[in-house]
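Colleague: I have a structure to look at and some terms to get straight. Could you take me through the reasoning behind each one?

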Amino acid sequence: MKKFLNLGSQPLANSYIKKNNLKNKEKKFKLEVGFNKKNYLVSIVNTVPKEKMFNNEYPYKSSESKTMRKSFKDLAKKIKKYYKPKFIIEIGSNDGAFLKNFNKKKVVGVEPCKNLAKLTIKKKYKTYSEYWNLNLAKKITNSKKADLIYSANTLSHIKKLDEIFRAINYSLSRNGILILEDPSLLSCIKNVAYDQFYCEHIYVFSAIALKNVLKKFNLEIFDIQNTKTHGGSNRYFIKKKFNKIYKVKKSVRKEINRELKFGLNKFSTYKKFSSKVRESKKKLFNIFLKLKKEKLKVIGYGATAKSCTVLNYCQVGANFIDYFYDTTSYKIGRYLPGSKIKIKKYKKLNKKKVDIAFLGAWNFKEEIFKKEKNFIKSGGKFITHIPTPKII
Ligand code: DWN
């Protein structure tokens, strides 16, 4: 793997700090990103053991945003209409945002974060609170295979891709389909969204890389849909190679050509990206510096895992941002890792109290702008770093 980006020493993105622990030394790791010239995979260089990140205290809940709830609901509708699956497995079922759209008898969740698995178990959805691997696949589908396996924003978090796909191959029926959804590398590079890289995001996939990984397991992408979620994602529809029911659609070639045209197969593209990231850092820091000189009241909006990368990389701390607003109960009252900015319970923005808000959850810009239309009308502004740092 050839390194192209150094995002410095970073704390674990989702380890929000309790007030009592503010003085404790945080564990940090070197966040570097590299490109594999052989299979085109882009991944972080140093990884953190999964147990340190996905345990009984995972803070992120997919249902927290309207955008994600709607996206899962719409997809579930399509799945029922076009594929009529009898047995579905979701890998990384989180708080059940996708599962809940299906009949309890037809769907099984896999969620290693026990605090989240509890939520779907409570609602009587069969959920295995374990890491996805071949042993678990054998346990779930020993007697009956799944005709649909779905996984969103999860496989990019699992280091051992071979193990994942071996297990998927075991559990998927002969004519079954696998739907994967993850942030698109092309969108990430085009938008200079370097904050998609942090401890949990071991990979940011491109279609060209995923195709190479799948080949080894006789799995084949037959359709790709671009979605707007998480700053631009790809939904990959995958089948076993000998399954002739589904024809490979033009969308696959089209996406691959887009990626090749942009140069996702070339190291020079990533070097260019890296220099844009360094420019972005300078610009963002200068914006915060200017706002501080003007004595404006600056807060953060959406204490995301992504914000952790940005704030620590750009050295923007509590001296620039008073506090963050977030709707997630687990995060409220805690502090952002590294930057140690306090997270407060979300309140609608009020221009009398806040001049400008840093969009930590820039991927939900539309949803947030709708919610904060009165703040915007009364002259309130936002800072975004995507695709280039500016005040909007
Ligand atoms: O892959 C991952 C993605 C899917 O979710 C994980 N590794 C962790 C997590 O990443 P993130 O924290 O960067 O995700 P989001 O979805 O950008 O987080 C949004 C945050 O903003 C949540 O904490 C909820 C909050 N929020 C809010 O306070 N008000 C969100 C919206 C839309 C709002 O209106």
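**Asn-101 and its contacts**

Modeller: Start with Asn-101, whose side chain comes within 3.1 Å of the backbone oxygen of Ala-97. Bear in mind that this is a predicted model.

Colleague: What makes the approach of the Asn-101 side chain to Ala-97 a polar contact?

Modeller: The cut-off for a pair of N or O atoms is 3.5 Å. The distance to the backbone oxygen of Ala-97 is 3.1 Å. So the pair counts as a polar contact. The backbone oxygen of Phe-98 is also 3.1 Å from a polar atom of the Asn-101 side chain.

Colleague: Where is Asn-101 placed?

Modeller: Asn-101 sits in the loop between β4 (88-91) and β5 (107-110).

Colleague: How do you know whether Asn-101 is buried or exposed?

Modeller: Buried means under 20% relative accessible area. Asn-101 has 16% relative accessibility, so Asn-101 counts as buried.

Colleague: Which residues does Asn-101 touch, beyond those up to four places away in sequence?

Modeller: Phe-72, Lys-73, Ala-76 and Lys-80.

**Another loop residue**

Colleague: Why is Phe-54 called buried?

Modeller: The same test applies, with a limit of 20%. Phe-54 has 9% relative accessibility, so Phe-54 counts as buried. Phe-54 is in the loop between α1 (50-53) and α2 (66-82). Setting aside neighbours within four places in sequence, Phe-54 is in contact with Cys-113, Tyr-131, His-157 and Glu-200.

Colleague: How far apart are Phe-54 and Met-1?

Modeller: They are 53 residues apart in sequence. In space, the C-alpha to C-alpha distance is 26 Å.

**Helices with a buried face**

Colleague: Which residues of helix α4 are buried?

Modeller: In α4 (residues 134-141), they are Leu-136, Ala-137, Ile-140 and Thr-141. Seen down the axis, these fall within an arc of 105°, so they line one face of α4. An α-helix has 3.6 residues a turn, so residues three or four places apart point the same way.

Colleague: What covers the buried residues of α4?

Modeller: The cover includes β4, β5, β6 (127-128), β7 (146-152) and α5.

Colleague: What is found at the start of α4?

Modeller: A side-chain oxygen of Asn-133 comes within 3.2 Å of the backbone nitrogen of Asn-135.

Colleague: Which residues of helix α5 are buried?

Modeller: In α5 (residues 161-171), they are Leu-161, Ile-164, Phe-165, Ala-167, Ile-168 and Ser-171. They cover an arc of only 160° around the axis, which puts them on the same side of α5.

**Two open sheets**

Colleague: Why are β1 and β9 edge strands?

Modeller: One sheet has four strands in the order β1-β2-β3-β9, with antiparallel pairing. β1 (2-11) and β9 (203-204) each have a single partner strand, so one side of each has no neighbour in the sheet.

Colleague: How do you know that β2 and β3 pair?

Modeller: Two strands pair if there are at least two bridges between them. β2 (residues 28-35) and β3 (residues 42-44) are joined by three bridges, so they pair. Gly-34 has Ser-43 in β3 as its bridge partner.

Colleague: What is the order of the six-strand sheet?

Modeller: That open sheet runs β14-β13-β12-β15-β16-β17, with mixed pairing. Its edge strands are β14 (342-345) and β17, each pairing on one side only.

Colleague: What makes the pairing mixed?

Modeller: Both senses occur. β15 (residues 356-359) and β16 (residues 381-384) pair in the parallel sense over three bridges. β16 and β17 (residues 390-391) pair in the antiparallel sense over two bridges. These last two strands form a hairpin, with five residues between them.

Colleague: Which helix lies across β1, β2 and β3?

Modeller: Helix α9 (residues 267-293), at about 35° to β1. α9 also lies across β12, β15, β16 and β17, at about 150° to β16.

**Around the ligand**

Colleague: How many residues surround the ligand?

Modeller: There are 26, and the closest are Glu-200, Lys-306, Asp-326, Lys-331 and Lys-371.

Colleague: What makes the link between Lys-306 and the ligand a polar contact?

Modeller: An N or O atom in the Lys-306 side chain is 2.6 Å from an oxygen atom of the ligand. The limit is 3.5 Å, so the pair counts. A polar side-chain atom of Asp-326 lies 2.8 Å from a ligand oxygen atom.

Note on methods. Residues are numbered from 1 along each chain as its sequence is written. This is a predicted model: local features need pLDDT of at least 70, side-chain atom pairs count only at pLDDT 80 or more; totals for chains, interfaces and linings use all residues. Side-chain values use heavy atoms; hydrogens and water are left out. Contact means heavy atoms within 4.5 Å. Axes are lines fitted to C-alpha atoms, for helices over the stretch in contact, and angles run from 0 to 180 degrees between N-to-C directions. Buried means under 20% relative accessible area, exposed over 50%, partly exposed in between (1.4 Å probe, protein chains only). The arc is that of the directions from the helix axis to the C-beta atoms. A residue is near a molecule or strand if one of its heavy atoms lies within 4 Å of it. A polar contact is a pair of N or O atoms within 3.5 Å; within protein, one must be able to donate a hydrogen and the other to accept it, and residues adjacent in sequence count only if both atoms are side-chain atoms.
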